[in-house]
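Reader: Could you walk me through this one and tell me how each label was earned?

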Amino acid sequence: MGNSASQGVPAPSVSAAQPVTTASAASASGEKPKCKACCACPETKRARDACIVENGEENCSALIEAHKKCMRDAGFNI
């Protein structure tokens with residue numbers, strides 16, 4: 001009896017909590033992000049991170065800005 005009630009209750013509350021987190025990030029732009037911030041824009045994120053490791057943050061401003069633009073286009077408020 002306790003198992004069936006506890007299994008039904010956490011699942012909706014967990015799934016409801018995730019969109020709240022991403023929706024608050026996109027509330028300013030009016031769009032709802034389609035994924036979490038950590039999963040958005042993998043191509044620009046990978047290029048940005050590699051550049052920062054190899055060249056330092058001060059030498060990668062173009063890639064950093066490209067990633068920020070991609071994140072904004074995905075619905076995140078950055």
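Author: What follows goes label by label, setting each value against its cut-off.

Reader: Before we start, what kind of model is this?

Author: This is a predicted model. The chain has four helices and zero strands, and from the N terminus on the elements run α-α-α-α. Of its 78 residues, 18% count as buried.

Reader: Why are helix 3 and helix 4 called roughly antiparallel?

Author: Look at the angle. The axes of helix 3 (residues 42-55) and helix 4 (residues 61-73) cross at roughly 155°. Angles over 145 degrees count as roughly antiparallel, so that is the label helix 3 and helix 4 get relative to each other. Their axes also come within 9 Å, and helix 3 passes helix 4 in a left-handed crossing.

Reader: Which residues make the contact between helix 3 and helix 4?

Author: From helix 3 you have Thr44, Lys45, Ala47, Arg48, Cys51 and Ile52. Helix 4 brings Leu63, Ile64, Ala66, His67 and Cys70. Sorted by kind, the residues of this contact are seven nonpolar, two polar and two charged.

Reader: What makes His67 buried or exposed?

Author: His67 sits in helix 4 and has a relative accessible area of 7%. Buried means under 20%, so His67 is buried. Leaving aside neighbours within four places in sequence, His67 is in contact with Ala40, Cys41, Thr44, Lys45 and Arg48.

Reader: Cys41 is on that list. How do you know whether Cys41 counts as buried or exposed?

Author: Same test. Cys41 has 8% relative accessibility, and the cut-off for buried is under 20%, so Cys41 counts as buried. Cys41 lies in the loop between helix 2 and helix 3. There's a backbone oddity too: Cys41 has a positive phi of about 55° although it is not a glycine.

Reader: What about the cysteines in the annotation, Cys38 and Cys39?

Author: The UniProt annotation "binding site", from an unreviewed entry, covers Cys38 and Cys39. An annotation like this may be inferred rather than shown by experiment. Cys38 is in the loop between helix 2 (10-26) and helix 3, and Cys39 is found in the loop between helix 2 and helix 3 as well.

Reader: Why is Cys38 called exposed?

Author: Exposed means over 50% relative accessible area. Cys38 has 52%, so Cys38 is exposed.

Reader: And Cys35, what puts it in its class?

Author: Cys35 also has its place in the loop between helix 2 and helix 3. Its relative accessible area is 31%. Partly exposed is the class between the 20% and 50% cut-offs, so Cys35 is partly exposed. The C-alpha atoms of Cys35 and Ala74 are separated by 8.4 Å, with their positions 39 residues apart along the chain counted as the separation.

Reader: Back to helix 4. How do you know what to call Leu63?

Author: Leu63 lies in helix 4 at 33% relative accessibility. That value falls in the partly exposed class, between 20% and 50%, so Leu63 counts as partly exposed. Not counting residues up to four places away in sequence, Leu63 touches Ala47, Arg48 and Cys51. Leu63 and Lys45 are 18 residues apart in sequence and 8.5 Å apart in space, C-alpha to C-alpha.

Reader: What makes Ala66 buried, exposed or partly exposed?

Author: Ala66 lies in helix 4 and has a relative accessible area of 35%. With the class limits at 20% and 50%, Ala66 is therefore partly exposed. Ala66 and Thr44 are 22 residues apart along the chain, and their C-alpha atoms are separated by 6.8 Å.

Reader: Why does Asn77 get the class it does?

Author: Asn77 lies in the segment after helix 4. Its relative accessible area is 54%, and over 50% means exposed, so Asn77 is exposed. The C-alpha atoms of Asn77 and Pro33, 44 residues apart along the chain, are separated by 9.7 Å.

Reader: How much of the contact count comes from residues 24 or more positions apart?

Author: Among contacts in the chain with a separation of 6 or more, residues 24 or more positions apart account for 49%.

Terms used
Residues numbered from 1 in each chain as written. Predicted model: local features only at pLDDT ≥ 70, side-chain atom pairs only at ≥ 80, totals over all residues. Heavy atoms only, no water. Axes fitted to C-alpha atoms, helices over the stretch in contact; angles between N-to-C directions. Helix = DSSP H or I, 4+ residues; strand = E, 2+ residues; numbered from the N terminus. Parallel < 35°, antiparallel > 145°, perpendicular 65-115°, else oblique. Left-handed = near helix turned anticlockwise from the far one by under 90°. Contact = heavy atoms within 4.5 Å. Nonpolar A, V, L, I, M, F, W, Y, C, P; charged D, E, K, R; others polar. Buried < 20%, exposed > 50% of the residue type's maximum accessible area, 1.4 Å probe, protein only.
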